[in-house]
Amino acid sequence: MTTQKILLCLAHPDDEILGPGGTIAQYAEDGAYIELVCATRGEAGEIADPALANPETLPQVRERELLCAAETLGIRKVTFLGYRDSGMAGTPQNEHPNAFINADADEVVAQLVATMRRVRPQVVITFEPFGGYGHPDHIVIHHHTHAAFEKAGDEGYRLDLGRPYQPQRLFYPIVRTAFFYEMKAKMEQYGLDTSFFADLEVDSRERWPDDKYNVVVNISDTIRRKMTAFACHRTQFGPDSFFRRLPEADMAQLLQTEYFALARPESANGLRLENLFDGLEFPVN
Ligand SMILES: [Zn+2]
């Protein structure tokens, strides 16, 4: 039987957790081969505790945090594209010459095509067009992954990058707006500060619609792994982190369903698949 393979194309260490983490862990447990391409080392991220890192060491620390999470989830290999975290829109980090948003598109797409042709995954996963909450790097990796998905199987494109291979499906993990409202309601029950959620109303028009998905995955079997992998990212999610204010059992409950939208091949929104590989043929690679 052909091995199920998934390639994740993401921007920062920790992008692998919230949307697809539990699903990835389930496939890994079932024997799938999972590889992750990460565009940056999250150089513009938080440093929750100065004892963990400083701005100079943060890239190495976040690389280790990602490797910790990858091992926890069962991701077999992680490669970095080597660009710099561009930071949030409008910050000075956007101007850095090596910022991912300033990267040459052909160069990024070529790296992704080379990876797709080497790994030969049936399923590729990347961000939806708004990147969850509008992070510029999430939006950029979305576009480059789409371009690479279109070119990977093209017999006329860069044969020096490997034998052409067309992945069969491209999915977006969807973190539903409802999740944040459920989290807000739960935090209110505990009398916690919920001012952070004011942003939800501001960007709601651009957020992916909650009812637009094709696969729902119950990850109750791997929610522990997801939470453990989440905890690997210590610089990002310290004790004061917004994501750690609720008791872990409540967070685990809020996080135990994952949603995916099928981006390629294009499909009707009403299409419901049992899982990411449902109905796929498995040609010999
Ligand atoms: Zn990110």
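Where does Asp-14 lie? I looked this up at the start and found Asp-14 in the loop between strand 1 and helix 1. I note here that the structure is a predicted model.

**Entry 1: Asp-14 and the start of the chain**

I read the backbone of Asp-14 and found a phi near 100°, which is a positive value in a residue other than glycine. I then checked its accessibility. Asp-14 has a relative accessible area of 17%, and buried means under 20%, so Asp-14 is buried.

I turned next to strand 1, which covers residues 5–10 and holds Lys-5. Is Lys-5 buried or exposed? Lys-5 counts as buried, because its relative accessibility is 17%. I also looked up a distance from this residue. Lys-5 and Ala-28 are 23 residues apart along the chain, and their C-alpha atoms are separated by 9.4 Å.

**Entry 2: Helix 1**

Ala-28 led me to helix 1, where it is one of the buried residues. How many of the nine residues of helix 1 are buried? I found eight, and I recorded the helix (residues 21–29) as mostly covered. Besides Ala-28, the buried residues are Gly-21, Gly-22, Thr-23, Ile-24, Ala-25, Gln-26 and Tyr-27. After the helix comes Gly-31, with a positive phi near 100°.

**Entry 3: Helix 2 with helix 8**

I looked up how helix 2 (residues 58–73) packs with helix 8 (residues 223–232). The angle is about 170° and the axes are 8 Å apart. Angles over 145 degrees count as roughly antiparallel, and helix 2 and helix 8 are therefore roughly antiparallel to each other. On the side of helix 2, the contact is made by Glu-65, Cys-68, Ala-69, Thr-72 and Leu-73. Helix 8 contributes Arg-225, Lys-226, Thr-228, Ala-229 and Cys-232. I sorted this contact by class and noted five nonpolar, two polar and three charged residues.

**Entry 4: Helix 3 with helix 5**

At what angle do helix 3 and helix 5 pack? I read about 55°, with the axes 8 Å apart, for helix 3 (residues 105–119) and helix 5 (residues 136–151). That angle makes helix 3 oblique to helix 5. The crossing of the two helices is right-handed. Helix 3 makes the contact through Ala-105, Val-108, Val-109, Leu-112, Val-113, Met-116 and Arg-117. From helix 5 the residues are Ile-141, His-144, Thr-145, Ala-147, Ala-148, Phe-149 and Lys-151. By class, I recorded ten nonpolar, two polar and two charged residues in this contact.

I then followed the chain to Arg-120, in the loop between helix 3 and strand 4 (123–125). Arg-120 has a positive phi of about 55°, although it is not a glycine. Its relative accessibility is 9%, so Arg-120 counts as buried.

**Entry 5: The nonpolar core**

Which residues have the most contacts inside the largest nonpolar core? I found Met-183 and Leu-276, in a core of 83 residues. Helix 3 gives the most to this core, with seven residues. I listed the contacts of Met-183, leaving aside neighbours within four places in sequence. They are Phe-197, Phe-242, Phe-243, Leu-246, Met-251 and Leu-254.

**Entry 6: A cis peptide bond**

My last search concerned Pro-265, in the segment after strand 7 (257–264). The peptide bond from Arg-264 to Pro-265 is cis, and I read its omega as near -5°.

Technical notes. Residues numbered from 1 in each chain as written. Predicted model: local features only at pLDDT ≥ 70, side-chain atom pairs only at ≥ 80, totals over all residues. Heavy atoms only, no water. Axes fitted to C-alpha atoms, helices over the stretch in contact; angles between N-to-C directions. Helix = DSSP H or I, 4+ residues; strand = E, 2+ residues; numbered from the N terminus. Parallel < 35°, antiparallel > 145°, perpendicular 65-115°, else oblique. Left-handed = near helix turned anticlockwise from the far one by under 90°. Contact = heavy atoms within 4.5 Å. Nonpolar A, V, L, I, M, F, W, Y, C, P; charged D, E, K, R; others polar. Core = buried A, V, L, I, M, F, W, Y, C linked by side-chain atoms within 4.5 Å. Buried < 20%, exposed > 50% of the residue type's maximum accessible area, 1.4 Å probe, protein only.
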